[in-house]
Amino acid sequence: MCGIFAVVNDTSHHAARTTLEGLKKLEYRGYDSWGVAVVPTASQKSKVSAKGGSAYGRKSLKSKNQIVIKKKIGKIGEATVDDMPSGDIAIGHTRWATHGGVTDENAHPHMDCSGRFVVIHNGIVENYQELKQSLLKKKHTFHSETDTEVIAHLIEDRSKEMSVEQAVLMVFKELVGSNAIGVLDGHTGTIVACRNGSPLSIGVGKEQYFLASDVTAFLGHTQDVQFLEDGEAVVMTPSGVKLLDIASGKEKKLALTHLDWKVTDAQKGGYPHFTLKEIMEQVVTVPKTALVNRTEMETIGAMVKQSTRIVLIGCGTAAYCALASQYFFAQVGREAKSYGAYEYLPFAGFSDTKTIVFAISQSGETADTLIAARAAKKNGAYLVAVVNARVSTLERMADVVLPVGAGPEISVVSTKAFTSQLASMYLVTRMCAGKYEEAVNNVKTLGELLAGWQTKKLLGEVLDVAKLLMSQEDMYVIGKHMSYPAALEFALKIKESSYIHSEPFAAGELKHGVITLIQKGTPCFAIGASDETKLELLSSAAQLKARGGTIIGVAPYASSEFDIHIATPDAGPLTIIPNVIVGQLLGYYLGIGRGTDPDKPRNLAKSVTVK
Ligand code: M6R
């Protein structure tokens with residue numbers, strides 16, 4: 001939900017280019033528009049004209065360092081900033097629009113009236129209308145419809161009476177909502193950034209300093225990171241980085257974390273898209289869950305035993321993992337209840353000190369999940385964060401963290417994080433039932449099964465089905481019990497990656513209404529596992545077939561009810577994983593065939609940090 005990047009002391013002396021490269025790694029956070037602002041080096045200042053169009057400054061600029069901005073709607077992929085002046089300090093943004101349409105004017109960075117300050121922002125300023133009215137009365141002129149521009153003008157206003165550092169902190173405290181901002185002062189070449197609810201990290205290199213919404217943006221430059229907490233600010237100047245407490249304005253000690261992530265983790269590794277790379281990585285990431293987190297699982301297992309209520313929350317794909325985990329718990333004789341985190345609040349009052357809440361999230365930054373987790377924790381619940389990205393807000397809030405270890409997931413469409421979360425939750429539930437060793441072996445075996453199955457042959461088979469379905473506009477996906485969350489996730493992958501309407505149903509629900517939608521040739525996926533659901537799933541498939549549906553079975557077993565069969569490995573309760581992988585691949589190939597960008601589906605963002 002918007003990506004922020006900045007560099008100070010850029011050693012290449014083309015800070016705009018460094019910023020653009022950083023933004024390209026953050027594009028998954030928003031791709032409605034992009035923008036870069038640079039403070040030109042002294043020799044270049046005279047050459048910078050205040051022209052309109054793609055690269056421009058404000059006409060009123062007369063003195064000091066004139067900031068040059070280039071901003072445009074559309075994806076950043078092919079963008080260049082070679083026409084921007086050289087400089088050592090720059091700031092940039094990729095936008096996922098909230099306030100104001102997708103236009104060049106609404107793209108960030110936003111400038112104040114004087115041209116001294118530019119602001120980039122991730123979040124929503126909920127009280128921006130009220131703030132804007134007060135600024136309009138003071139004759140500030142606005143050039144966009146965004147909530148962000150208000151911040152630039154407020155800083156201009158407040159900095160008349162105090163230092164820029166103090167002005168930024170004061171303005172940030174006036175903003176209502178979850179926000180992260182970066183402010184560039186063109187006069188002093190200082191960047192001040194603040195965080196409350198939206199992620200921000202600082203990269204501290206030997207000579208260069210970076211600011212980003214996600215560390216993957218500067219991993220190629222430095223692996224030493226300061227993760228900002230809510231309520232913290234950072235001041236970055238050519239002479240160093242200073243950490244501040246926003247409430248008191250007092251300086252705090254930097255506590256750098258050295259990350260052992262490799263730059264290659266955030267690269268495509270020869271695949272045409274991150275989506276395909278991450279789907280294929282599951283051969284490694286799924287079995288990896290059996291080798292890590294034993295201590296955490298023991299702690300969680302003990303807490304589950306003491307708890308009278310088990311709650312599972314998440315959003316989107318993570319909500320489907322929560323639902324699947326509800327079935328995993330049922331299999332070991334424990335009742336658990338899953339909620340889409342966005343619907344949890346009416347039920348948060350039932351949580352107490354005997355409640356254990358599993359908050360499942362790839363990013364650990366999803367606003368709805370954080371709100372639900374906070375509400376449960378307020379009532380004394382024990383919070384387990386089941387996360388993939390590290391050092392997130394959810395992780396910091398949790399009593400215990402279960403890092404599922406799938407590595408950076410760059411594609412907006414979640415794939416490997418989901419299956420690692422599933423495998424981890426399977427292991428947790430078996431730990432609770434004293435069957436951990438057996439479960440570890442099952443996950444390792446699944447890894448071997450995936451390695452033998454996720455081959456070119458499978459890709460070819462799925463591609464053939466995708467070709468057959470390419471021009472369809474409606475599809476249905478059914479599953480029962482553990483295969484029901486599989487059907488939900490299978491259908492979501494098709495919707496997200498290809499924009500085809502694909503609707504999931506519990507197989508048992510079909511005959512209660514949905515069956516009216518089936519006509520001759522309607523593609524119907526029947527997702528099955530070799531368990532107690534087999535016969536009922538097949539009879540649901542037969543009912544669909546009798547109404548003319550084309551049945552595509554995704555299951556470890558063949559059946560005469562299937563017109564097409566994509567065979568998946570039989571992994572017992574873990575068969576959900578290969579079954580969903582078929583949906584991931586199918587969505588990917590359908591998307592490619594229909595001309596979408598599978599890594600960056602329209603209207604979506606990787607981390608949804610707003611309510
Ligand atoms: O980072 P999270 O796991 O909390 O994100 C939750 C959802 O926003 C996410 O799963 C979303 O549904 C993805 N588009 C799934 O591909």
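The following paragraphs describe the domains, one sheet with its packed helices, and the internal cavities of a predicted model.

The domain assignment divides the protein chain into domain 1, covering residues 3–266, domain 2, covering residues 268–453, and domain 3, covering residues 455–611. Between the C-alpha centres of domain 1 and domain 2 there is a distance of 34 Å, and the contact between these two domains involves 14 residues of domain 1 and 10 residues of domain 2.

An open sheet is built from seven strands, which follow one another in the order β6-β7-β8-β9-β13-β14-β15 and pair in antiparallel fashion. The edges of this sheet are formed by β6 (110–111) and β15 (251–252), and because each of them has a single partner strand, one side of each is left without a neighbour in the sheet. At the β15 edge, the partner is strand β14, comprising residues 240–245, which runs antiparallel to β15 and is joined to it by two bridges; in this pairing, Leu243 is placed opposite Lys252 of β15. In general, the strands of a sheet pair through backbone hydrogen bonds, in either a parallel or an antiparallel manner.

Two helices are associated with these strands. Helix α4, formed by residues 148–158, lies across β6, β7 (117–123) and β8 (179–185), and its direction makes an angle of about 140° with β7. Helix α5, formed by residues 164–174, also packs on the sheet, where it touches β7, β8, β9 (190–196), β13 (232–237) and β14, and its direction is at about 25° to that of β9.

Empty space left among atoms can be located by rolling over them a probe the size of a water molecule. In the present model, two cavities of 30 Å³ or more were found. The largest cavity encloses about 70 Å³ of space, and its lining consists of Cys2, Arg95, Trp96, Ala97, Thr98, His99, His108, His121, Gly123, Thr146, Asp147 and Thr148. When these lining residues are divided by class, three are nonpolar, seven are polar and two are charged.

The second largest cavity, with a volume of about 30 Å³, is lined by Tyr476, Ile478, Phe505, Leu510, Val514, Ile518, Cys524 and Leu544. Its lining comprises eight nonpolar residues, with no polar and no charged residues, whereas the lining of the largest cavity includes seven polar and two charged residues beside three nonpolar ones.

Note on methods. Residues are numbered from 1 along each chain as its sequence is written. This is a predicted model: local features need pLDDT of at least 70, side-chain atom pairs count only at pLDDT 80 or more; totals for chains, interfaces and linings use all residues. Side-chain values use heavy atoms; hydrogens and water are left out. On a 1 Å grid over the protein atoms alone, a cavity is a set of points where a 1.4 Å probe fits but cannot get out, and a pocket is an open set with protein on both sides within 12 Å along at least five of seven lines; lining residues have an atom within 4 Å of a point. Grid points are joined across faces, edges and corners, and a volume is the space filled by probe spheres set on the points. Ala, Val, Leu, Ile, Met, Phe, Trp, Tyr, Cys and Pro count as nonpolar, Asp, Glu, Lys and Arg as charged, and the others, Gly among them, as polar. Two strands pair if DSSP finds at least two bridges between them. Helices (H or I, at least four residues) and strands (E, at least two) are DSSP runs, numbered from the N terminus. Contact means heavy atoms within 4.5 Å. Axes are lines fitted to C-alpha atoms, for helices over the stretch in contact, and angles run from 0 to 180 degrees between N-to-C directions. Domain bounds come from an automatic or database domain assignment.
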